[in-house]
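Visitor: I'd like to go through a few of the labels people attach to a model like this. Could you take me from the value to the word each time?

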Amino acid sequence: MQFIKGVGPRKAILLEKLHLTSIEDCLYFLPFRFEDRTQFKKISQAVPGEYVTLTGEVLSSGTIFMGRRKRVFEAIIQDETGIIRAKWFRFNETYMKEKFQTGQKIILSGKPTLNNRSGLEIIHPETEQESGENVSSLEIGKIVPVYHVTDGLHLKSMRAIIKNVLDKYLPLAEEFLPDDLIQRHNFPSRSEALAKSHFPEQGSCLKELDAFKTPAQRRLVFEELFLIQLGLAFRKNRAGEERTGLVFKTRGELIKRFVKLLPFTLTGAQKKVLGEIMEDLEKEKPMNRLIQGDVGSGKTIVALTALLTAVDNGTQSALMVPTEILAEQHYLNIRPFCEKLGLELSLVTSSLKGKERQKYFEDIRTGKTHIVVGTHSLIQKEIQFKKLGLAVIDEQHRFGVMQREAIGKKGDHPHLLIMTATPIPRSLALTLYGDMDVSLLDEFPPGRQEIATNLFFENQRGKAYSIMEKQLQQGRQAFVVCPLIEESESIDLKAAVTVFDYIQEHFPNFTACLIHGKLKKEERQSIMSRFLKKEIQVLVSTTVIEVGIDVPNATVMIIEHAERFGLAQLHQLRGRVGRGNHASHCLLMAYHPISEEGQARMKAMQNSGDGFVIAEEDLKIRGPGDFMGTRQSGVPLLKIANLLRDIQVLETARKEAFHLIESDPDITDPKHQPLNKALQRFLGNYMELMEVI
Ligand code: ADP
Ligand code: MG
């Protein structure tokens, strides 16, 4: 970076802190907001909290001492309408004295605040000495960009650096979007878009700029999303050319027998999604489908039907889930069906040891086992399938992209079905799973009732637990979830043990049990099955029960320290109740102090029971970067686009990308050569995305 004018070794290091290590990085390091310094105001018009640019004359200036260590440099500026104070807490005295000599004409910009003693003041304003040369200034008399900076690198030098980069390198910035596309959308050229996104033209609209909606900014947002979608379209298209030879006959004998065993009829949505799956399985191209369905929408039966279809066609199938307890539950649910259908089912988790483990693995290898349910233990090296025809990944959001790939490698392009209950906002789904087909399970089984969600604070604990008690008296059951297992001195959490004691003490007439991840598998299974048989009324638990657990008679979910849980997790936990025909309650127990974000989460939970609304809310509270644990889950780090703000551009970019790949599958058409180059460079920069594409 040092070959940029104004950048020496020291600044190069500071720029690196901002991840600016190349010319291209700088070109695309866009201001995150702008300040309008085109309108000069009179001092009397300045209002606290509203950004202004003023001109005036220095009336006096100097250092003020406030206590032993604290110093402030103050300049009093006046115009014909009044005075205002400018203050600096960090300054070089000699420099400041020189700059703010009495009588000096000055321009200053900033946000005034009202000081009760001394009146209106601006802390650390941007200033410039007024002279005839202001026309060329980057700071004054213009709409001025504001960049993220870091300690030791001032906004002013940042602007100068970016300006130098633009001046020198923009003429070299090659256009790579195809002509017809540019014309269709009336985009400015790449260099024009970059220039205007940094230093807007005179007369630009500040509101539009701050909302990232000027044509120049739109084009850059489009560019980024288009390249991502192009990568996804390319990948999807290539996958479509793979041939498995696994053309399944669907709705065969086994499926017919299975459907007869079901204690209910399928919902319309289940039938629709199964139809889409069956259509995929009848094709030679491997299925690559995502099912999105809120907690309790009935994904398990859909998965099981797919697993059985594979078995009906002489292959094996696997169901992979994120936790041991969920694997055990799926196993227990599926087992009765398998027994009646005469199929071999096995459960593979890390608890599987010794001889038993050898035997299970052997049966999988020889093909004796038809269906395997398990955790990520399933993808370990020693497991070899005779012929894996289909794999289902449940609660996909808990796995990384790598695991999704790994299970696929256990067979020769097996059909892949992934299921997620964490509803992902559409924008994120399009970037995360943009290469998959998506089915929506958007209907609940009949008879479900809304779950009443209420918030309680420490002093209302008795009230919350009395709601539970009432339900227990009516024969219902309850979950109580706690964030930690043992009281720790440093972290003041109500530990599961403490809560468990509290319940035993206050509700001696009911049987409570404590379940957590450290229990042995047998103990856990026995507790779960006793809970299912209603021998246990209250299940106190750490978050091990978060996903998937299904006990329709449970109608109360108490979440202790709800303020510490993330939104997706809270919604998942709430989904453990409301699964039967009885009215259910989700009781959020919160303890002070509660962060602002925590409060927002509590509010979101009370306001909506709809997973998609919750997910959008979550994205808003946390921002896309944080939304799914970023790197591991493969959410690409966007530099310019924002998945909340730019959903429409995303849809357009996606359409254009898939359209282009349709006509030029390998992007080899000579007129797309610059695009091909740009895509390769882009993917090279996005290591996270490389894993997905
Ligand atoms: P999830 O989508 O959260 O995995 P499950 O598959 O665990 O949901 O289903 C939730 C509950 O709904 C289970 O008790 C299941 O037996 C029941 N269920 C699923 N489909 C139907 C249906 N069509 N009619 C009635 N109950 C159903
Ligand atoms: Mg489930």
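Guide: Sure, and keep in mind that this is a predicted model. Let's start with handedness: a crossing is right-handed if the near helix is turned clockwise from the far one by less than a right angle, and left-handed if anticlockwise.

Visitor: So what makes the handedness of α16 passing α17 what it is?
Guide: α16 passes α17 in a right-handed crossing, so by that rule the near helix is turned clockwise from the far one.

Visitor: Why are α16 and α17 called roughly perpendicular?
Guide: Angles from 65 to 115 degrees count as roughly perpendicular. The axes of α16 (residues 461–473) and α17 (residues 496–506) cross at roughly 65° and come within 12 Å. That is why the pair gets the label roughly perpendicular.

Visitor: Which residues meet there?
Guide: From α16 you have R461, G462 and Y465, and they meet V499, Y502 and I503 of α17. By class, this contact holds 4 nonpolar, 1 polar and 1 charged residue.

Visitor: And what about α9 and α11, at what angle do they cross?
Guide: Roughly 145°, with the axes of α9 (residues 253–261) and α11 (residues 299–312) coming within 8 Å. Their crossing is right-handed. The contact has 6 nonpolar, 2 polar and 2 charged residues.

Visitor: How do you know whether T349 is buried or exposed?
Guide: Buried means under 20% relative accessible area. T349 has 3% relative accessibility, so T349 counts as buried. T349 sits in the loop between β13 (345–348) and α13 (354–366). Leaving aside residues up to four places away in sequence, T349 touches E324, A327, T375 and S377.

Conventions: Residues are numbered from 1 along each chain as its sequence is written. Chains are lettered from A and ligands numbered from 1 in the order in which they are written. This is a predicted model: local features need pLDDT of at least 70, side-chain atom pairs count only at pLDDT 80 or more; totals for chains, interfaces and linings use all residues. Side-chain values use heavy atoms; hydrogens and water are left out. Axes are lines fitted to C-alpha atoms, for helices over the stretch in contact, and angles run from 0 to 180 degrees between N-to-C directions. Helices (H or I, at least four residues) and strands (E, at least two) are DSSP runs, numbered from the N terminus. Angles under 35 degrees count as roughly parallel, over 145 as roughly antiparallel, 65 to 115 as roughly perpendicular and the rest as oblique. Contact means heavy atoms within 4.5 Å. Ala, Val, Leu, Ile, Met, Phe, Trp, Tyr, Cys and Pro count as nonpolar, Asp, Glu, Lys and Arg as charged, and the others, Gly among them, as polar. Buried means under 20% relative accessible area, exposed over 50%, partly exposed in between (1.4 Å probe, protein chains only).
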